[in-house]
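Reader: Got a minute to go through this one with me? I'd like to go from the contact between the chains to a few single residues.

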Amino acid sequence: MPDFFNTKKNKNSTIGFTAEHNLPQLVKELQIANAELKEARRAALNIMEDAILAKEALHTSEERLRITLEAAVDFAIINTNNEGIVQGWNSGAEKMFGYTPEEVMGKPSDIIFTEEDKEAGIPNKEMETARIKGKAMDERWHQRKDGSRFFMSGVMRPIYDSNLLGYVKIARDMTEQKLLEQQKDEFISIASHELKTPVTSIKAYTEFLSDTFKDAHDEESLELINKLNTQIDRLTKLINSLLDTTKIAEGQFIIQTEKFNLKTLIENCIKELQHTTNLHKIILNAEEKIFITADKERIIQVITNLISNAIKYSPKAGEILVNIVRAKDGIQVSVKDFGMGIPEDVKDRIFDRFYRVRNALINTYPGMGLGLYISATIIKRLGGKIWVESKQGNGSTFYFVLPYDNE
Amino acid sequence: MKNIIIADDDAGIRDVFKLILERAGYSVTMYSGGETLLTNDFTLPDLFVIDKQLSGVDGLVVCESLKHNQLTKNIPVIMVSASSYVARLAKEVGADEFVEKPFKIQTFIKLIEKYLNNTFNNHEYNSEE
């Protein structure tokens with residue numbers, strides 16, 4: 001752009017007037033200046049035109065965004081400043097919460113929370129999490145203007161210019177799905193509880209019969225009744241797995257810790273499990289005393305699950321190696337079998353609820369796909385981690401690490 | 001003969017308790033609900049076995065009431081349930097023991113004997129074990 005506002009005068013200036021200039025020279029210079037001025041005006045007009053176009057484009061895109069937000073009627077989209085004051089409230093939010101934009105704009109966004117969540121400081125915690133971690137999940141019961149409640153699943157993210165501008169929350173009403181899930185969990189819970197009562201009776205009667213046959217030295221009947229008893233124990237375990245799973249889902253899975261010698265505990269588990277197989281030899285390798293603070297019953301559950309799996313998935317027999325070592329981040333237990341192994345692509349999914357590895361060659365294996373899910377939950381709840389190393393056809397090694405005691 | 005009161009809403013389980021305990025040499029009185037146990041209108045036993053799930057009233061409420069009653073507060077109460085989480089609740093209402101269903105008969109009998117043999121020194125029978 002030419003410097004046409006420059007008023008500084010010097011000898012070389014195109015528009016400077018000095019006595020030495022003659023007229024034709026002056027006219028020429030004026031003509032040049034005039035041309036430059038025209039050029040400058042054109043440039044200025046271009047810039048203005050660009051600005052108008054940009055403004056129009058911005059307006060169109062803003063309008064498009066506004067229409068998009070309004071069209072998302074099934075999603076509440078809420079904008080707040082960095083103090084949580086509402087700056088934007090789409091039609092989805094109006095429909096979901098029952099407040100019109102006029103009622104909430106410029107007011108605190110925590111009106112959508114229940115009284116108890118507000119008291120617990122959840123709205124502020126959410127903004128803090130979003131700020132620190134980049135997002136915060138909002139999955140809980142919320143409250144409408146009329147006081148009714150619904151289950152909402154949403155996510156809040158911080159928005160930045162160069163500084164924190166505020167937050168945006170996108171959420172959906174998930175009440176129907178939540179109720180269905182609750183009903184399902186409740187059903188499993190009631191069903192398993194009800195199943196346990198007849199199982200208790202059946203188990204008692206088989207124990208009576210077992211005693212009776214023992215007294216009568218009726219070996220054949222005794223063997224049959226013991227087999228029946230094994231199946232009842234299996235049924236009990238299945239029912240307990242279902243109950244544990246629903247407890248995890250309902251947040252009622254209780255962990256109670258105490259200090260104990262992990263080696264002794266695993267030794268006892270192995271003794272029990274060795275009785276269930278003639279084909280495998282379970283070998284323990286560990287130091288004499290490895291004390292740990294954890295939930296004893298739950299650890300028995302994990303060890304039993306891992307060794308039972310090792311037996312189940314190495315049907316062609318062999319050794320099962322159980323090792324306890326002191327690793328960098330805690331006490332590490334491993335259970336190694338020499339069975340069929342786990343395909344690479346499913347390794348991450350075997351700890352999922354109801355997931356089961358299927359083997360095309362050998363049909364399927366009995367089970368509900370809950371054992372590893374429960375084991376993984378237990379280990380995580382105890383502050384540890386669990387994983388598997390395996391190559392298909394070459395056996396699997398399951399590992400878990402439990403943190404050392406703090407003292 | 002020492003008497004044990006059983007309260008359980010399930011007839012099948014009541015049969016089992018009766019069989020187990022009578023074989024072990026105890027006399028048994030059975031209730032399907034807990035209402036009677038909330039009054040003083042029953043013969044005092046040597047021990048109570050109470051399931052959490054009763055018809056009409058929660059077994060935990062019955063246990064709490066027994067433990068607050070001068071007449072019954074020193075009589076041992078064994079709470080029974082198919083849910084392991086009841087263990088903690090049973091402790092809170094003063095139950096002496098908790099047994100989770102299903103249980104082993106031997107374990108159950110041993111538990112009963114622990115209380116009845118300790119409470120009375122001149123017990124007239126022994127476990128069949």
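Reader: How many residues does each chain put into the contact?
Author: Chain B gives 22 residues and chain A gives 19, where contact means heavy atoms within 4.5 Å. Before we go on: this is a predicted model, where local features need pLDDT of at least 70 and side-chain atom pairs count only at pLDDT 80 or more, while totals for chains, interfaces and linings use all residues. Residues are numbered from 1 along each chain as its sequence is written, chains are lettered from A and ligands numbered from 1 in the order in which they are written, and side-chain values use heavy atoms, with hydrogens and water left out.

Reader: OK, and how much area do chain B and chain A bury between them?
Author: About 1,700 Å², with 62% of it on carbon and sulfur atoms. Buried area here is the accessible area (1.4 Å probe) that two parts lose on being put together, summed over both.

Reader: Which side chains meet in a salt bridge there?
Author: Glu100(B) and Lys196(A), at 2.9 Å from N to O. The count between the two chains is one salt bridge, meaning a side-chain nitrogen of Lys or Arg within 4 Å of a carboxyl oxygen of Asp or Glu.

Reader: Which elements of chain B give two or more residues to the side touching chain A?
Author: Those are α1 (11-23) and α4 (105-119) of chain B. Helices (H or I, at least four residues) and strands (E, at least two) are DSSP runs, numbered from the N terminus. α1(B) gives the most, with seven residues.

Reader: What's the mix by class on that side of chain B?
Author: Nine nonpolar, six polar and seven charged residues. Ala, Val, Leu, Ile, Met, Phe, Trp, Tyr, Cys and Pro count as nonpolar, Asp, Glu, Lys and Arg as charged, and the others, Gly among them, as polar.

Reader: Switching to chain A. How many helices and strands does it have?
Author: Ten helices and twelve strands. Of the 407 residues in chain A, 38% are buried; buried means under 20% relative accessible area, exposed over 50%, and partly exposed in between (1.4 Å probe, protein chains only).

Reader: Why call α10(A) largely enclosed?
Author: Helix α10 of chain A (residues 371-381) has eight of its eleven residues buried, so the rest of the structure largely encloses it. Among the buried ones are Leu372(A), Tyr373(A) and Ile374(A).

Reader: What do the buried residues of α10(A) pack against?
Author: They pack against α7 (219-249), α9, β11 (385-390) and β12 (396-402) of chain A. Just after α10(A), Gly383(A) takes a positive phi of about 80°.

Reader: And α9(A), what's its reach?
Author: Helix α9(A), residues 296-312, has 17 residues and reaches 24 Å from its first C-alpha to its last, close to the 24 Å expected at 1.5 Å a residue. That expected span is 1.5 Å times one less than the number of residues. Its buried residues include Arg298(A), Asn305(A) and Asn309(A).

Reader: Which residue caps the N-terminal end of α9(A)?
Author: Asp295(A), with a side-chain oxygen 3.2 Å from the backbone nitrogen of Glu297(A).

Reader: Back to chain A's strands: is Lys169(A) buried or exposed?
Author: Lys169(A) is buried, with a relative accessible area of 5%. Lys169(A) lies in strand β5 (residues 164-173) of chain A.

Reader: Which side chains does Lys169(A) pair with?
Author: A polar contact of 2.8 Å joins Lys169(A) to Glu126(A), and another of 2.9 Å joins Lys169(A) to Asp138(A). A polar contact is a pair of N or O atoms within 3.5 Å; within protein, one must be able to donate a hydrogen and the other to accept it, and residues adjacent in sequence count only if both atoms are side-chain atoms.

Reader: Any backbone oddities? Where does His217(A) sit?
Author: His217(A) is in the loop between α6 (175-215) and α7 of chain A. His217(A) has a positive phi of about 55° although it is not a glycine, and it is exposed, with a relative accessible area of 63%.

Reader: Which peptide bond is cis in chain B?
Author: The one from Lys101(B) to Pro102(B), with omega near -10°. Pro102(B) is in the loop between β5 (97-100) and α4 of chain B.
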